[in-house]
Each structure stands twice: as structure tokens, then as C-alpha cells.
Amino acid sequence: MIIGIDATQSLTQYGAIGLNGARIHTINNHQRIEDLPMLLADLMGDDAPTAVLTITGPGSYTGIRLAVTASKMIAKVHQIPLIGVSLFDAYMQVNSPLIQSLTIVSSNSRKGILNVQLFQSNSDGFQAITSILQLNEAQFKAFLAKFEANVHWHHIGDACRFELDVSDHIHHVSVQLSLQSLLQQY
């Protein structure tokens, strides 16, 4: 059984995948994030995990901190591998076979900032073109203006903080990371 945790957004996904299928749960970070260690213990029951995967950010600092701490405790107690994956890499790992183009992935940050990273994907996989950038609205508009060819913009999590009129060659979608789809790849 592989345990997975994504606490980067306002809703935390946690779950397990194993021989008996997948069990994925969601909690509201603002109401129950401190319950995550107990919820993970209930999820595991008497089953011993074989690995634990956690999303390392960008995102909610408190959620990520608690998820990483809980993941480290599980890995240490059960002497199993701990796998840390960035939110954007995890999203591209699951979705790049479907996208296969130049892709901007973004998520909300604090104080009117977006976390942004540019990827290229094709049938062979994906590659990050930039590191994670933190851009305000004007900087993000300038970043988008650089693209003349078709580009996909995938915004993860809550609605994008910026009300932007994007040109016809920028295809924008709001999405969530599927923890179940990610765990199925491990």
C-alpha cells in the first residue's frame, strides 16, 4: 500500500492505493488539517505501507509542513521510502500524455502572486523549461504576452486570482491534481 498526501491547496487530498484498490479522501485545510496524522493512522489501519508520497509545494505552507512531517514519521516508523514531488511535476506526470504541448502550470500564492512554471511535453514525457516563478498580475500578463504560438495554461486549485483576457492561442483550464492518478503511477 502506498500512502499519498497533497496538502498544497485549500482542500487536502490523502489516501492509499494497494491490492484492494484506491481510497482517496478530502478534508478542508482550514477546519481539519491538524487531524491529518490521526486520519492517516485510521487510513492505514493494520496494513503496513510500502511507501509514502507527499506533494512538496508550492502551496499552503501550513498544509505542506504538516503533510511532510506526517510523511516523514510514517516513513521512519515503517522504514519505507519517502517520495517528495513538486505539485507542478506531479500534475505534469499525470497529464503530460494528454497535453503534449508547451504548457504553463500555475497555482495561487500569497498576496496576489501566482506560482508559475513552464513545461514542454510530448509523447516521450515532459521537461521543465523554467524554474518555479512567482509573478504578480503585471508580470504574469507580460509572461503570457511572450507566447505567439498555441500554449496551454493549466491553473491548479482555486480560481486564478487574476481576471485576465487571454488571446485565442492561450488555452486556459482550471484543474485539480488527481492524487489517485498520481499514486497509480507508483
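Which elements do the buried residues of α3 pack against? I will come to that after a word on the whole chain.

This is a predicted model. The protein has six helices and eleven strands. A compact globule with 186 residues would have a radius of gyration near 16 Å, and the protein has 17 Å, which agrees. Its C-alpha atoms fill a box of roughly 55 × 35 × 20 Å along the principal axes. Of the 186 residues, 46% count as buried. Among contacts with a separation of 6 or more, 56% are between residues 24 or more positions apart.

Now to helix α3, residues 61–78. At 1.5 Å a residue, its 18 residues should span 26 Å. The end C-alpha atoms are 26 Å apart, so the expected span and the model agree.

Which residues of α3 are buried? They are Gly63, Ile64, Ala67, Ala70, Ser71, Ile74 and Ala75. Seen down the axis of α3, the buried residues fall within an arc of 135 degrees, so they line one face of the helix. The general background is that an α-helix has 3.6 residues a turn, so residues three or four places apart point the same way.

Back to the opening question. The buried residues of α3 pack against two helices, α1 (29–32) and α2 (36–44), and against the strands β1 (2–6), β4 (51–55) and β5 (82–85).

What about the other side of α3? There, Tyr61, Lys72, Lys76 and Val77 are exposed. Just after the helix, Gln79 takes a positive phi of about 50 degrees.

Last, the surface. The accessible surface of the protein comes to about 9600 Å², and 50% of that belongs to carbon and sulfur atoms.

Key. Residues are numbered from 1 along each chain as its sequence is written. This is a predicted model: local features need pLDDT of at least 70, side-chain atom pairs count only at pLDDT 80 or more; totals for chains, interfaces and linings use all residues. Side-chain values use heavy atoms; hydrogens and water are left out. Helices (H or I, at least four residues) and strands (E, at least two) are DSSP runs, numbered from the N terminus. The expected span of a helix is 1.5 Å times one less than its number of residues. Buried means under 20% relative accessible area, exposed over 50%, partly exposed in between (1.4 Å probe, protein chains only). The arc is that of the directions from the helix axis to the C-beta atoms. Contact means heavy atoms within 4.5 Å. The radius of gyration is taken over C-alpha atoms; the globule rule is 2.2 Å times the number of residues to the power 0.38. Accessible areas come from the Shrake-Rupley method with a 1.4 Å probe; for residues, only the protein chains shown count as cover.
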